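Q: I am in my first year and would like to look closely at a single part of this structure. Could you take me through one helix and the packing around it, explaining each term as it comes up?

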Amino acid sequence: MIGVSFRKWGVMSKLIIENKDYKNWIQDVSTRFKRSQIKAATRVNSEMLMFYWSLGKDISDKIKSATYGSSFYLNVSADLRKLLPDVKSFSVTNLKYMQYFYELYSIANHPQVGDDFGNDIIFQIPWGHHKQIIDKCKGNRDKALFFVRETLENGWSRAVLLNWN
């Protein structure tokens, strides 16, 4: 039996140090795990963005029939928070961003976001990036898509977006 020394946190076992095949395999497992974490986070992000887009569509449709002074966003926020108290996504500000998100990227020939539009590039970057893009582009879809593409192709952080003129 190969002697394995497992010390607490941070010290490599003798097996890893002495056996190159084992060391390579452990490294491979670690790399695959990290890749799967990134894929999972990307998939979760994509699903949330599709939800935000569809909620933005709902808000855009419903606000047309809301009367002035009805506190539409405030009521929607309060009602959703009551039903989903652990979810922080339903602030008045975030609900407005969801509406802007939908309106900025809405396309007449893509009424069902989950169908044809679901693999679009807009669902591949984080929500925080989108909020900065929305603020920066003020409804200019072409400019917004420029920032989305640059973020995807060059790995732009929110700081880069914030500082781009």
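A: What follows looks at helix H3 and then at the core and the aromatic rings. This is a predicted model, in which local features need pLDDT of at least 70 and side-chain atom pairs count only at pLDDT 80 or more, while totals for chains, interfaces and linings use all residues. Residues are numbered from 1 along each chain as its sequence is written, and side-chain values use heavy atoms, with hydrogens and water left out.

Helices here are DSSP runs (H or I, at least four residues), numbered from the N terminus. Helix H3 covers residues 72-83, and at 1.5 Å a residue its twelve residues should span 16 Å, which agrees with the 17 Å between its end C-alpha atoms; the expected span is 1.5 Å times one less than the number of residues. Within H3, Phe72, Tyr73 and Ser77 are buried, where buried means under 20% relative accessible area, exposed over 50% and partly exposed in between, with a 1.4 Å probe and protein chains only. These buried residues cover an arc of only 125 degrees around the axis, which puts them on the same side of H3; the arc is that of the directions from the helix axis to the C-beta atoms. The face turned away from the buried side carries the exposed residues Leu74 and Lys82.

The cover over the buried residues of H3 includes helix H2 (20-63) and helix H4 (92-105). At Tyr73, the charged end of lysine 96 sits over the ring, 5.2 Å from its centre (this requires NZ of Lys or CZ of Arg within 6 Å of the ring centre and within 35 degrees of the ring normal).

The largest nonpolar core has 29 residues, of which Phe101, Tyr105 and Ile133 touch the most other members; such a core is a set of buried Ala, Val, Leu, Ile, Met, Phe, Trp, Tyr and Cys residues joined through side-chain atoms within 4.5 Å. H3 is among the elements that give two or more residues to this core, and H4 gives the most, with seven residues.

Turning to the rings, tyrosine 97 and tyrosine 100 form an edge-to-face aromatic pair, 6.3 Å centre to centre with 80 degrees between the planes (rings of Phe, Tyr and Trp, the last by its six-membered ring, pair if their centres lie within 6.5 Å, and planes under 30 degrees apart count as stacked, over 60 as edge-to-face and the rest as tilted). Being three residues apart in H4, tyrosine 97 and tyrosine 100 are separated by about one helical turn.

Terms used
Contact = heavy atoms within 4.5 Å.
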